[in-house]
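Got your viewer open? Could you walk me through this structure, one selection at a time, and tell me what there is at each stop?

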Amino acid sequence: MKIFVSIGDPNGIGLEIALRSHSRVKDWGEIIYGVDEKVLFEASQRLGIEVPQDMECDPLGLESPIAPGVISKEAGRYSFESFKRGIERAKKGEVRAIVTLPVHKKAWSLAGIPYAGHTEALREMTGEEAIMMMGKEGFFIALYTDHLPLSEVPQRVHERGVEGFLRRLSLSLPAMKACGVLGLNPHAGDQGVLGKEEEGIKRAIEKVNQALGRELFFGPLVPDVAFIPSLRAKFDHYVAMYHDQGLIALKILYFEESINLSLGLPFIRTSVDHGTAFDIAYKGGNPSLLSYQNAIKMALKLGSDKR
């Protein structure tokens, strides 16, 4: 199975992760890296890591001198073009999956890229309502809203929107066993005392479960106790109403091993769950490779499941 790896911000830890992981992941599938050999060689020289001779590169034809830890429009453009190349190849059927290394949102902005991140770009480039989900086997959190200012979240949380989201999620994950849906407000609204949004969430859950003919979604759950061990034992998936509500818990529990998935696309996309780590880039800090390697493994698993 062919996997395209978009290399991420060249000023961050993406190139190091790819170089250090290649000897392990190369036997799992055919890995193609969206990077120019000149950029890869510069990174290897800075890191003191030889470029493996069997690394297959898809050159972008761009110059991107590496400036460790620097937010720049050049690096932003390079990371975006690598990602875009992967999408183009996936849409043509030349690769089965894209695995993305971390980009920097400010660098994208400086480069004039009109997207807040990978997921927003995927939605526009494919015309699909991609769902951002993060986690590990047995514990995944889907985000009802993702890269949205917190002040805009409450107006998005309504019955029609939640119902549509839960329907799409159930179609994307037919093997999902039980999914806990978090409320928006403290105490899940305390029966309307602390907010009314939970009333719409509850009706949406009831409608979708009825349409599915089984109890798949449960809630709205009180957010501050939703992830205690006794509840985690009941659910293999969760839905969080906003980004930090779900991801703070996930990253406390499984930061180094969890991954990012985009659901509802015509191809597979997985990613690391961390950022560019400019503070340790090219400094010999040996970043964790586990999230990236798990993202490769999940892409291969999903590709195998769809055959």
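Here is a tour in a few stops, from the sheet to some single residues. Keep in mind that you're looking at a predicted model.

**Stop 1: the sheet.** Switch to cartoon view and colour the strands. There are 11 of them in an open sheet, and the pairing is mixed. Going across, the order is β3-β2-β1-β4-β11-β10-β5-β6-β9-β7-β8. Now pick out the edges: β3 (56-57) and β8 (217-221) each pair on one side only.

**Stop 2: two neighbours in the sheet.** Select residues 259-263, which are β10, and residues 268-272, which are β11. These two strands pair in the antiparallel sense, over 4 bridges. Want one bridge to look at? Click S262, then find its partner R269 in β11.

**Stop 3: a helix across the strands.** Add residues 118-126, helix α5. Which strands does α5 lie across? They are β4 (97-100), β5 (131-136), β10 and β11, and the helix runs at about 165° to β11.

**Stop 4: two helices packing.** Next, select α1 (residues 14-25) and α2 (residues 37-47). Their axes are 10 Å apart and meet the eye at an angle of about 85°. That's why α1 counts as roughly perpendicular to α2. Show side chains to see who makes the contact: L15, E16 and L19 come from α1, while V39, L40, A43, S44 and L47 come from α2. Sort those contact residues by type and you get 6 nonpolar, 1 polar and 1 charged.

**Stop 5: the rings.** Time for aromatics. The structure holds 10 aromatic pairs. Select F139, F218, F227, F235, Y238 and Y254 together, and you have a cluster linked by ring pairs. Two of its rings also have a charged residue over the face. K136 lies over Y254, at 4.8 Å from the ring centre. R232 lies over F139, at 6.0 Å from the ring centre.

**Stop 6: two backbone oddities.** Most residues other than glycine have a negative phi, and most peptide bonds are trans. With that in mind, zoom in on P220, which you'll find in strand β8. Is the peptide bond from G219 to P220 cis or trans? This bond is cis, with omega near 5°. Finally, jump to D190, in the loop between β7 (179-182) and α8 (197-212). D190 is not a glycine, yet its phi is positive, at about 50°.

Technical notes. Residues are numbered from 1 along each chain as its sequence is written. This is a predicted model: local features need pLDDT of at least 70, side-chain atom pairs count only at pLDDT 80 or more; totals for chains, interfaces and linings use all residues. Side-chain values use heavy atoms; hydrogens and water are left out. Two strands pair if DSSP finds at least two bridges between them. Contact means heavy atoms within 4.5 Å. Axes are lines fitted to C-alpha atoms, for helices over the stretch in contact, and angles run from 0 to 180 degrees between N-to-C directions. Rings of Phe, Tyr and Trp (its six-membered ring) pair if their centres lie within 6.5 Å; planes under 30 degrees apart count as stacked, over 60 as edge-to-face and the rest as tilted. A charge sits over a ring if NZ of Lys or CZ of Arg is within 6 Å of the ring centre and within 35 degrees of the ring normal. Angles under 35 degrees count as roughly parallel, over 145 as roughly antiparallel, 65 to 115 as roughly perpendicular and the rest as oblique. Ala, Val, Leu, Ile, Met, Phe, Trp, Tyr, Cys and Pro count as nonpolar, Asp, Glu, Lys and Arg as charged, and the others, Gly among them, as polar.
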